[in-house]
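Colleague: Please take a close look at one part for me, the pocket lining. Keep it simple, as I am in my first year.

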Amino acid sequence: MKKLSLRTRVVTGAVVVAALGAGTFGAMSASASSPAAAPAAAVKADTKNRNLQQSTHLTVAAATKAAQATLDAAKKENQRVSVAVVDRNGNTIVTLRGDGAGPQSPESAAKKAYTAVSWNAPTSELVKRLEQAPNLKDIPGTLFLGGGAPVQVKDAPVAGIGVAGAPSGALDEKFARAGVAALAR
C-alpha cells in the first residue's frame, strides 16, 4: 500500500471535515425549518383493547418496606446481609446493604431476586432443577443459590426479593420470605 503525502492527508481530512459539517448544518437547518409534528393520539386503555396488557408492579415504598423487613429479620439473628428487590422484568427497585455485609452481597442479592422472579420459584427449589438442566446456571444475570423468593399476586410473579451474606442459602431465603410476608401486612 502506497503511503500518502502529508499534503494529500491534510487535504483529504479537510474535505471530510467540511462534508460532515455541511451535513450537520443541513440536517439542523432542515429540522429547524420544518413544523413541529403533531402529538401522537393517546391510546385508550380500556379492557376491550386487545393490544394492551395490564401488569402489577410494586411501588418503591412497598419494595423499601419489604427490603427493610428483610434486614430487620436478619438483624434479629445477628446476620449481616444485603437485600435486593426487583420488579417483574428483573429491574432493581431497591437495594439495601446491611451494616457489615460483604462487598459481594448486593450483587448476589440482585441476581438471586432476578432468578426467583424469572422462574416464579424460590431459588432453593431452582437449585434442584440444575440436576436435570445444568445449563440453567449459564443464563446471564442468574444465581442458583438459596436466598431468592418471588413475590406473587394470584400466583403470578410481580417481583423478587434476594438476600445474600448469611452463612447459608437457607438463612438468606428465610430472610427473603420475611420480606415477602411484610408485603401482606
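The answer below starts with the overall layout and then turns to the pockets.

Modeller: This is a predicted model; local features need pLDDT of at least 70, side-chain atom pairs count only at pLDDT 80 or more, and totals for chains, interfaces and linings use all residues. Residues are numbered from 1 along each chain as its sequence is written, and side-chain values use heavy atoms, without hydrogens and water.

Start with the layout. The protein has 5 helices and 4 strands (DSSP runs, at least four residues of H or I for a helix and at least two of E for a strand). Along the sequence they follow the order α-α-β-β-α-α-β-β-α.

Now the largest pocket. A pocket is an open set of points on a 1 Å grid, where a 1.4 Å probe fits, with protein on both sides within 12 Å along at least five of seven lines; a lining residue has an atom within 4 Å of a point. The largest pocket holds about 250 Å³ of space. Helix α2, residues 60-76, gives the most to its lining, 5 residues. Among the lining residues are Gln68, Leu71, Asp72, Ala74 and Lys75. Further along the chain, the lining includes Asn78, Gln79, Arg80 and Val81. Arg97, Gly98 and Asp99 also line this pocket. By class, the lining has 3 nonpolar, 4 polar and 5 charged residues. Here Asp, Glu, Lys and Arg are charged; Ala, Val, Leu, Ile, Met, Phe, Trp, Tyr, Cys and Pro are nonpolar; the others, Gly among them, are polar.

Arg97 of that lining also belongs to strand β2, residues 92-97. Strand β2 pairs with strand β1, residues 82-87, in the antiparallel sense. The two share 5 bridges, where pairing takes at least two bridges found by DSSP. Valine 83 faces leucine 96 across the pair. The hairpin has 4 residues between its strands. Glycine 90 there takes a positive phi near 85°.

Compare the second largest pocket. About 180 Å³ of space lies in it. Strand β4, residues 156-164, supplies the largest share of its lining, 3 residues. Ala156, Pro157 and Val158 are among the lining residues, as are Val153 and Lys154. Another stretch of this lining includes Gln53, Gln54, Ser55, Thr56 and His57. Arg88 and Asn89 line this second pocket too. Its classes come to 4 nonpolar, 6 polar and 2 charged residues.

How values were computed:
Points joined across faces, edges and corners; volume = space filled by probe spheres on them.
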